[in-house]
Every structure is written in C-alpha cells, then in structure tokens.
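Open the model in your viewer and keep the selection tool at hand. The tour below goes one selection at a time, and each stop says what is there.

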Amino acid sequence: MLNKNSHFLRLHPLHLLYLLLLVALTSCERPADLDLPAGSPQLVVEGYIEPGLPPIVLLTESQPVFAPFDAAAVAAAHVGGARVVVSTAGDTSVVLREINADSLPVAIRQALAQQAGLVLDSAGRFAVPLRFYSVVPVSGQPGLVGRPGRTYRLHVQARGQTLTAVTSIPTPVPLDSLYFRPSALLGAGDSLVQLFYRFRDSDTLGNATRYFTSVNGGPFHPPRLTSVFTDEFVNGRTVDFALDRGRSRLDPATGARATLFRRGDTVTVRWSAIDQPQYRFWLSYENALNSNGSPLASPATLSSNIRGGLGIWGGLGTTYKTVVAPR
C-alpha cells in the first residue's frame with residue numbers, strides 16, 4: 001500500500017484537497033500492494049490577480065497522502081515568513097504582506113474569497129484558518145491592483161527555495177447574453193431548466209475562459225465536470241453553449257439534475273478570461289478529479305506554471321452577468 005510519508009499536491013481545502021483523495025479512493029477488484037518511496041515536501045503556490053483587486057497568494061507545503069486533514073492541518077500547511085514579491089513590466093514592484101484573513105474588513109474578505117474560490121461562513125469568516133500574502137492599501141504607500149493587458153511576475157523566497165512565475169491579465173470579454181431553455185432530458189414542464197450562454201470570440205487564436213456560477217446570491221462555484229474553455233475550434237465565431245450549475249465538491253447532489261437551475265433562480269455567472277498556462281492547469285486538475293475511482297485512470301499529473309514548485313499563478317480578466325430563470 002502507499003507509504004504514509006508519500007507527499008501529494010495540496011492547495012487550499014476547497015481545491016486540491018479533492019486530488020488528495022484520489023489515491024485513497026481509487027481501487028480495483030484485486031487488491032494491489034504498492035510500496036512507494038517517501039516523497040519530499042514541495043512548496044505549493046495558488047495565486048491570482050484580476051482587474052481592480054490586489055494580488056492574493058496562498059503558499060503551502062505539500063502534505064502526506066494519509067495525513068489527517070482538518071482545520072489544524074490546513075493551518076500547519078501554511079508556509080509563513082516568506083518573501084513574496086509581485087512586479088509589473090518595469091514600473092512597480094511590491095512586497096506582499098502575510099495576512100490573517102479574518103483580520104481584514106468584511107468587504108475585503110468577501111472580495112478575496114470570491115477571487116480565490118473560497119467560502120465564508122454566516123459570520124463572514126473563512127471556513128478554515130487562512131493566512132495568505134497580499135497587499136493591504138495604506139495611506140502614503142504604493143499599492144498594487146490588477147490591470148487588463150499587463151504582465152505580472154511572481155517571485156517567492158521561502159525555506160531556502162526560490163519560486164517564480166509569470167502571468168498576464170487578459171482583456172475581459174463579457175458574455176453577449178444568458179438565457180434558459182427547458183432541459184432536453186426532463187421536458188418543458190419540469191421545474192428545472194438549462195442555462196445557455198452566447199459569446200462572441202475574438203479572431204485571435206488561443207483565448208481561454210474559466211467560469212463559475214452563483215445562485216440567489218450564494219457563493220461562486222465552478223461546475224463539477226469542466227469549468228474551462230478554449231477557442232481552438234470556435235476561433236472568431238459567435239457560439240451558444242450550455243453552462244452547468246456550479247456546485248461545491250462537498251455537495252452530495254449528483255446526476256443530470258445537479259447541473260440545472262430552478263425556475264425563478266437568480267443566476268450570476270463569473271466569466272474569467274485566462275491565459276493558456278491556466279487553461280492547461282485547470283484542465284489537468286479537473287481531468288484528475290473526474291477520473292476519481294476509475295481503475296483505468298492514469299496517475300494524476302498537474303500542469304503548472306510555477307518554476308521551482310507546484311501550483312498556479314494566474315491573471316483573470318473577469319466580468320459578471322446576471323439573469324433570472326423565468327417561472
């Protein structure tokens with residue numbers, strides 16, 4: 001069986017926790033006894049920057065596959081005391097501060113939670129103890145917020161290691177429209193309906209998008225199967241496609257009905273233009289999640305744009321669009 005000291009990539013508990021579970025849940029009819037060599041911990045980055053918001057970087061250390069996973073483990077995985085610098089193309093360089101998330105004003109917590117795909121509890125606190133690196137605006141000191149079209153370099157020094165990455169914020173391209181149709185599986189009389197989008201792609205090949213949905217003012221979640229698109233086959237065209245309802249991986253709802261919306265729901269789509277490294281990262285992540293439990297699945301290998309470590313540093317060109325499902 002797996003050596004208890006083997007290490008596996010883990011970011012924050014609402015993302016790569018699920019990959020942590022893949023090895024434990026994958027099984028065959030015949031038991032296999034594998035004795036894998038112990039792995040060394042690696043530094044893991046999950047960082048984002050988008051228009052009008054400061055950069056946010058979560059820095060953790062990969063954890064053993066069978067290590068306990070709870071609030072204490074999340075806190076212990078955090079890598080403190082790092083020097084984290086974000087710089088633009090030659091004119092701004094800012095050292096990020098290590099911040100206790102719950103010490104921030106509620107409005108900033110909400111923005112950062114949305115940015116990082118995290119969930120706040122009913123009191124406006126993060127669901128797990130969370131420390132990250134970011135910029136808190138201070139009078140008289142330079143700050144840094146994202147701007148479309150700019151390139152941002154990340155430089156991390158921690159525990160004697162150096163990690164670097166580069167990303168850019170694509171120009172946001174909003175959805176043309178959102179609309180609902182009766183589900184082809186359930187029929188026109190059902191209380192659930194399918195959401196569709198219309199989008200006009202630019203004629204530049206290589207555009208990619210990641211999306212999330214929020215229902216009736218709730219948190220934004222990516223869909224269970226695929227949250228990313230690229231324009232490889234639709235470059236320069238106007239396209240209409242279905243959008244699945246985003247759900248937390250902890251939500252027990254499954255099957256076709258879990259992808260639909262109820263009549264009368266107010267649905268907001270978070271539509272984020274991303275670069276190709278992010279597209280490859282999230283595609284590999286979701287492919288690994290969706291092979292969970294298959295005895296024929298290949299070992300999970302995540303794409304990454306972090307040199308010297310694991311994870312993702314990504315710029316997001318985000319827009320929002322809201323629609324109400326007709327009753």
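How many bridges join β5 to β6? Select both strands: 4 bridges join them, and the two run antiparallel. Keep in mind throughout that this is a predicted model.

**The whole chain**

Before going further, show everything. The protein has 4 helices and 18 strands. Of its 327 residues, 45% count as buried. The exposed surface comes to about 16,000 Å², and carbon and sulfur atoms supply 54% of that area. Now consider contacts between residues at least 6 apart in sequence: 73% of these join residues at least 24 apart.

**Strand β5 and its partners**

Return to β5, residues 83-87. Is this strand enclosed or open to the outside? Since 4 of its 5 residues are buried, β5 is largely enclosed by the rest of the structure.

Within β5, pick valine 84. Its bridge partner in β6 is leucine 96. Next, add β8 to the selection; β5 and β8 pair in the antiparallel sense over 5 bridges. Here arginine 83 has glutamine 157 of β8 as its bridge partner.

Stay on valine 84 and show what surrounds this residue. Leaving aside neighbours within four places in sequence, valine 84 is in contact with Val57, Val94, Val95, Leu96, Tyr133, Leu154, His155 and Val156.

**The largest nonpolar core**

Valine 84 also leads to the next stop. The largest nonpolar core has 23 residues, and those touching the most other members are Val57, Leu59, Val84, Leu96, Leu154 and Trp313. Select these side chains together. To see where the core comes from, colour the elements that give two or more residues to it: β2 (43-49), β3 (56-61), β5 (83-87), β6 (93-100), β8 (151-158) and β9 (161-168). Which of them gives the most? That is β8, with 4 residues.

A second core, separate from this one, has 20 residues, among them Ala101, Leu130, Phe132 and Val228.

**A four-stranded open sheet**

Clear the selection and choose β12, β13, β16 and β18. These 4 strands form an open sheet in the order β13-β12-β16-β18, with antiparallel pairing. Which strands are at the edges? They are β13 (228-230) and β18 (317-324), each of which pairs on one side only. From one strand to the next, the twist averages 25°.

Zoom in on the β13 side. Strand β12, residues 208-215, pairs with β13 in the antiparallel sense over 3 bridges. One residue to label is alanine 208, whose bridge partner in β13 is threonine 230.

Move to β16 and select arginine 270, which is found in that strand. Is arginine 270 buried or exposed? With a relative accessibility of 1%, arginine 270 counts as buried. Measure from its C-alpha atom to that of threonine 322: the two are separated by 9.0 Å, although they are 52 residues apart along the chain.

**Helix α4**

Now add helix α4, residues 276-290. The helix lies across β12, β13 and β16, and runs at about 130° to β13.

**Aromatic rings**

The last stops are rings. A pair of aromatic rings is described by the distance of the centres and the angle of the planes. The count for this structure comes to 12 aromatic pairs.

Select tyrosine 197 and phenylalanine 241. Their pair is tilted, at 6.3 Å centre to centre with 45° between the planes. Tyrosine 197 lies in strand β11 (192-200) and phenylalanine 241 in strand β14 (238-243), so the pair ties together parts that are 44 residues apart in sequence. Tyrosine 197 counts as buried at 4% relative accessibility, whereas phenylalanine 241 counts as partly exposed at 42%.

Go back to helix α4 for another pair, tryptophan 282 and tyrosine 285. This one is edge-to-face, at 5.1 Å centre to centre with 85° between the planes. The two residues are 3 apart in the helix, so about one helical turn separates them. Tryptophan 282 counts as buried at 2% relative accessibility, and tyrosine 285 is buried with a relative accessible area of 5%.

To finish, select Tyr197, Phe199, Tyr211, Phe229, Phe241 and Trp271, which form one aromatic cluster.

Technical notes
Residues are numbered from 1 along each chain as its sequence is written. This is a predicted model: local features need pLDDT of at least 70, side-chain atom pairs count only at pLDDT 80 or more; totals for chains, interfaces and linings use all residues. Side-chain values use heavy atoms; hydrogens and water are left out. Two strands pair if DSSP finds at least two bridges between them. Axes are lines fitted to C-alpha atoms, for helices over the stretch in contact, and angles run from 0 to 180 degrees between N-to-C directions. Contact means heavy atoms within 4.5 Å. A nonpolar core is a set of buried Ala, Val, Leu, Ile, Met, Phe, Trp, Tyr and Cys residues joined through side-chain atoms within 4.5 Å. Buried means under 20% relative accessible area, exposed over 50%, partly exposed in between (1.4 Å probe, protein chains only). Accessible areas come from the Shrake-Rupley method with a 1.4 Å probe; for residues, only the protein chains shown count as cover. Rings of Phe, Tyr and Trp (its six-membered ring) pair if their centres lie within 6.5 Å; planes under 30 degrees apart count as stacked, over 60 as edge-to-face and the rest as tilted.
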